[in-house]
Amino acid sequence: MKKRPLCVFCVLVIVILCITGLSGHRAWYPDNQLICSIAEQQKEVRIDGYIYQREYKDEKYILYLKQAVLSVTSHDKYKIEYVKITSEVLKETIRVGDSVRVCGELKPVESATNPGQFDPESYYRSGKIGYTMWNPEIQVIRRPLFSLHHVLNQLKERISVSLKVAAPDETGTILAAMVTGDKSDLGEDISSLFRQGGISHVLAISGLHLGILGMGLYKLLRRVGMPLRPAGILAVAFMCCYGGMVGAGISTLRALLMFGIKIGGDLTGRTYDPPTALALTALVLLAGNPAYLTGSSFWLSYSAVLSLMIWKGKQKLAGGIYLHFFMAPILLYFFYEISFYGILLNLIVLPTVSLVLVSGFLGGMVGIFASGMGKIFVLPARYVLYIYEYLCNAIMKLPGAVLILGRPTLAQIGLYYGIMALVLYAYRRNRIYKKRFFFLLLMIPAWILLCFRRSDNLKITMLDVGQGDAIVIQTPEAHTYLLDGGSSSEKQVGTYRILPFLKQAGVRHLEAIFLTHDDSDHMNGIVEILEAMEKGESNLEVGRLVLPKWQDTVPFAAVTELAEALSIPVCYMGTGDCVRDGKTEIICLHPSGEDYSGKSNEGSLVLLIRYGEFDGLFTGDLEGNAEKQVGEISPDIDLLKVAHHGSGYSSSEDFLEQTRPELCLISCSENNRYGHPDAGTLERLDQYGSRYFITKDCGAISVFTDGEKIDLKTYCKYNDTGR
């Protein structure tokens, strides 16, 4: 490293950025609080800006505006830089490069409210997008005579259409994603299949793609006799245009910068040093936007290239295994799972992806002018993609194809890479270790450390599912139970909120799913999860499905049919029934043998969870006489799941007098049409000295207990909501 002072300097600055947490700053959101205040006070605002990107996805137009200026009056104007606009209908043609005036409701980009949930705020922050608008009025105020952005966007759309015509099946949409970055028609089934097979990287415009095209063109120009300088300039110009066409993602920017440094070195007679180029490009990108550090794209792109620089050898199998060892902590931190057989599959994919890319690029370009010739050019790519799909499907049938291990802590990741560095140092300094597989063997303890998950506490998490219920119970014995799972305000709550939480927690098996009653806001997410299991889209396992005893005669048709199809036993609980899990007891307090047909809220399954001195009461949508009955047999409790989302018909004074809860959790959505939680209910909780926390304010709420002490943690910051 003594010969690489620039590399050392760049690495030190990057480390300082990571330590000081500059990745979280919002310097690109000037007067953020003021702008949010203006947006709240004025339901319609005016913004002028420049369209730099356009998409059409899910039958909606998505426009990205930069150099945006919010105008309050002719004198009061605020720069907000970047805005995402979604519109179902465009009254006039909007082109990339147009200057537009947009009038509508401005909102900050939403953030995730549950662990594991996709975080739009973090994702868009890397693109400096802080605000969104939905179905605004859009007016073109200036259209330039020539716009390179518009030309490149038109070329992208024509190549994409050409590929979908040349390959009318799903391979056409895959090629469009690989060549142009157009994923508008890419089905979730293909994305999921490639992701679980460990080859989802081929669907993204990566540095590998640009390296193949850029270096391929550069070498071709040199071989046909073009002088060094024109060949280098032409190759760099091509790469810049291609990067502008597919979108300036992190991998694209990294590849462009490294390629530019490589060509610059050739033109000036300087030696190209890959580690220095990698560190310099990272510093340049982070200097422009430190928020890149919070996203997966930056870490995946740079760690993949760095690992290949460190590993110097011709053993492809050993190199593939090493790459997975190196990438494992990052993959687990951001995606919570890893493909076990992806190592072997990538040995086939990596040598052939260049054929797919070149065949697709040529087929797309030629197909613009002659669709018949385009079909011929894309044939090699289509056949290789068929092989990829076949192998992914075959791998998914093998045991342990996808390992759900959860998110490791930063301390675990640090120790993992520390052990890797020591092992690598010993391997290179001592000839005894000059076998690469011996290095991999020594990494097994580090892998075990990375995957270690243990807690001596009972953990209960009420997820934020909007207007609905979903509660996850994790025992010290590492067993997990799900109590309800549904929402009437959030779409696909099972897919986008419940399953991601379970994944980040490393949950592969649910001991049981308890359903308190058959309302959709408690059940539809469970149906989604079981359907995903049936289709092979989820690797989750379920031990049993538990329903209220009276539902034995009036079954939950949708859920029980899916359970039977998946060979999941269906059980029924009534008063006095108990599930014991080590020191944890789950005791049913209600219902008894009475038939609650037509009044399912009163027939809600009520569970008392007891661990040591801790008692938690979970009441579904309990109300009326049934609540009175439960209160009479319930002990004083530490934790109450407030029934029916805080409805005024539940949590009566008599019930609270009998149970005396210290902590209360309420699940409901912001501005729901039912007015939950009811002001009277909150007053009664205050009257009995209960501290309450509401998911609409706090996001997911987790309660930890060792059987005596109780700790509570909310996923989102809150102001005076826990009282």
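## A tour outward from strand β21

Begin by selecting strand β21 (residues 614-618), which is mostly covered, five of its five residues being buried, where buried stands for under 20% relative accessible area, exposed for over 50% and partly exposed for what lies in between (1.4 Å probe, protein chains only). The strand label follows DSSP runs, with helices (H or I) of at least four residues and strands (E) of at least two, numbered from the N terminus. The model is a predicted one, in which local features need pLDDT of at least 70 and side-chain atom pairs count only at pLDDT 80 or more, while totals for chains, interfaces and linings use all residues. Residues are numbered from 1 along each chain as its sequence is written, and side-chain values use heavy atoms, with hydrogens and water left out.

Show the side chains of β21 next: Phe-614, Gly-616 and Phe-618 lie on one side, Asp-615 and Leu-617 lie on the other, and all of these are buried, which leaves both faces covered.

Now add strand β20 (residues 606-611), which runs antiparallel to β21 and is joined to it by five bridges; two strands are taken to pair if DSSP finds at least two bridges between them. Within this pair, Arg-610 stands opposite Asp-615. The two strands make a hairpin with two residues between them, and Gly-612 in the turn has a positive phi of about 65°.

For the other neighbour, select strand β22 (residues 639-641), which pairs with β21 in the parallel sense over three bridges, with Leu-640 as the bridge partner of Leu-617. Follow the chain from β21 through helix α22 (residues 624-633) to β22, and the β-α-β crossover is right-handed, meaning that, with the strands pointing away from the viewer, the path from the first strand over the helix to the second runs clockwise. While helix α22 is on display, pick out Asn-625, which is placed in it and counts as exposed at 54% relative accessibility.

Just before β20, select the loop between β19 (584-590) and β20, where Pro-591 lies, and look at the cis peptide bond that joins His-590 and Pro-591, with omega at about 10°. A second cis peptide bond joins His-676 and Pro-677, with omega at about -5°, and Pro-677 is in the loop between β23 (663-666) and α24 (679-687). In the loop between α23 (653-659) and β23 sits Arg-660, which has a positive phi of about 50° although it is not a glycine and counts as partly exposed at 37% relative accessibility.

Move then to the open sheet of eight strands, whose order is β17-β16-β14-β12-β11-β10-β25-β26 and whose pairing is mixed. Its edges are β17 (570-573) and β26 (710-714), each of which has a single partner strand, so one side of each is left without a neighbour in the sheet. Neighbouring strands here are turned by 25° against each other on average, direction ignored, with axes taken as lines fitted to C-alpha atoms, for helices over the stretch in contact, and angles running from 0 to 180 degrees between N-to-C directions.

Inside this sheet, β14 (residues 512-514) and β16 (residues 545-548) pair in the parallel sense over two bridges, and Phe-514 has Val-546 as its bridge partner in β16. Helix α19 (residues 493-504) packs on the sheet and touches β10 (458-462), β11 (468-474) and β12 (480-487), its direction making about 160° with that of β12; contact here means heavy atoms within 4.5 Å. Finish with helix α20 (residues 520-535), which lies across β11, β12 and β14 and runs at about 115° to β12.
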